[in-house]
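This report is an introduction for a reader who has not met the structure before. Please look through the sequence and the model first, and then read on.

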Amino acid sequence: QIVMERILAQSFCKSFVGIKPPLCGKSIGRWLKEIKEKKKEAIRSHNAQVHAAVSVAGVAAAIAAIAAATAASASDEAETKMSMTVASAAAL
C-alpha cells in the first residue's frame, strides 16, 4: 500500500506540466525556506535595477553638466548655438 501511495504521489506531481505543486516531495520547512530565498532574490534583483538606473542617471547628469559648461565657454556665436543644442540633447 505504501508503494502504491508513492506511485500515485509521483504520477500526481508529474501530471502538472506547467505548474509545480508546492510540496512535491519536500518538507514544509524546506518549501518555506525556498519561498523566502526566492523573495530575497527578487528583492536583490530589484535593488540592483534601481542602483543601475540611479548610476546611469548620474552619468547622464555629469555629461549634461560638461556639455553645458562647454556651451557657456564657447566664443563664436555659431559654436555657442551648436554647444547649447548638444547640451540640451545631453540633458534629455
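## Confidence of the model

Averaged over the protein chain, the pLDDT is 75, and 52% of the residues score at least 70. These scores matter for reading what follows, since the model is predicted. Confidence also varies between the elements of the protein chain: helix α1, which covers residues 2-14, has the lowest mean pLDDT, at 60, while helix α2 has the highest, at 87.

## Overall architecture

The protein chain contains 3 helices and 0 strands, and its elements follow the pattern α-α-α when they are read along the sequence. Helix α2 spans residues 28-72, and the salt bridges and the surface patch described below both involve residues of this helix.

Of the 92 residues in the protein chain, 9% count as buried. The protein chain exposes about 7800 Å², and carbon and sulfur atoms supply 67% of that area.

## Salt bridges in helix α2

Side chains of opposite charge can pair when their charged atoms come close. A search of the whole structure finds 2 salt bridges. One of them links Arg30 with Glu34, whose closest N and O atoms are 3.6 Å apart; both residues lie in helix α2, with a separation of 4 residues, or about one turn of the helix.

The two partners in this pair fall into separate accessibility classes. Arg30 counts as partly exposed because its relative accessibility is 39%, which lies between the limits of 20% and 50%. Glu34, on the other hand, has a relative accessible area of 19%, and it is therefore buried, since the cut-off is under 20%.

The other pairing joins the side chains of Glu41 and Arg44, which meet in a salt bridge with an N to O distance of 3.5 Å. Because Glu41 and Arg44 are 3 residues apart in helix α2, about one helical turn separates them. Glu41 has a relative accessible area of 46%, so this residue is partly exposed.

## A nonpolar patch on the surface

Which residues form a nonpolar patch on the surface? The patch is made of Ile28, Leu32 and Ile35, which together have about 260 Å² of accessible area. Leu32 lies in helix α2, and this residue counts as partly exposed because its relative accessibility is 42%. That value also satisfies the requirement for membership of a patch, which calls for over 30% relative accessible area.

Note on methods:
Residues are numbered from 1 along each chain as its sequence is written. This is a predicted model: local features need pLDDT of at least 70, side-chain atom pairs count only at pLDDT 80 or more; totals for chains, interfaces and linings use all residues. Side-chain values use heavy atoms; hydrogens and water are left out. Patches are made of residues with over 30% relative accessible area and no salt bridge: like charges are joined within 9 Å, nonpolar side chains (Val, Leu, Ile, Met, Phe, Trp, Tyr) within 5 Å. Accessible areas come from the Shrake-Rupley method with a 1.4 Å probe; for residues, only the protein chains shown count as cover. A salt bridge is a side-chain nitrogen of Lys or Arg within 4 Å of a carboxyl oxygen of Asp or Glu. Helices (H or I, at least four residues) and strands (E, at least two) are DSSP runs, numbered from the N terminus. Buried means under 20% relative accessible area, exposed over 50%, partly exposed in between (1.4 Å probe, protein chains only). pLDDT is the predictor's confidence in each residue, from 0 to 100.
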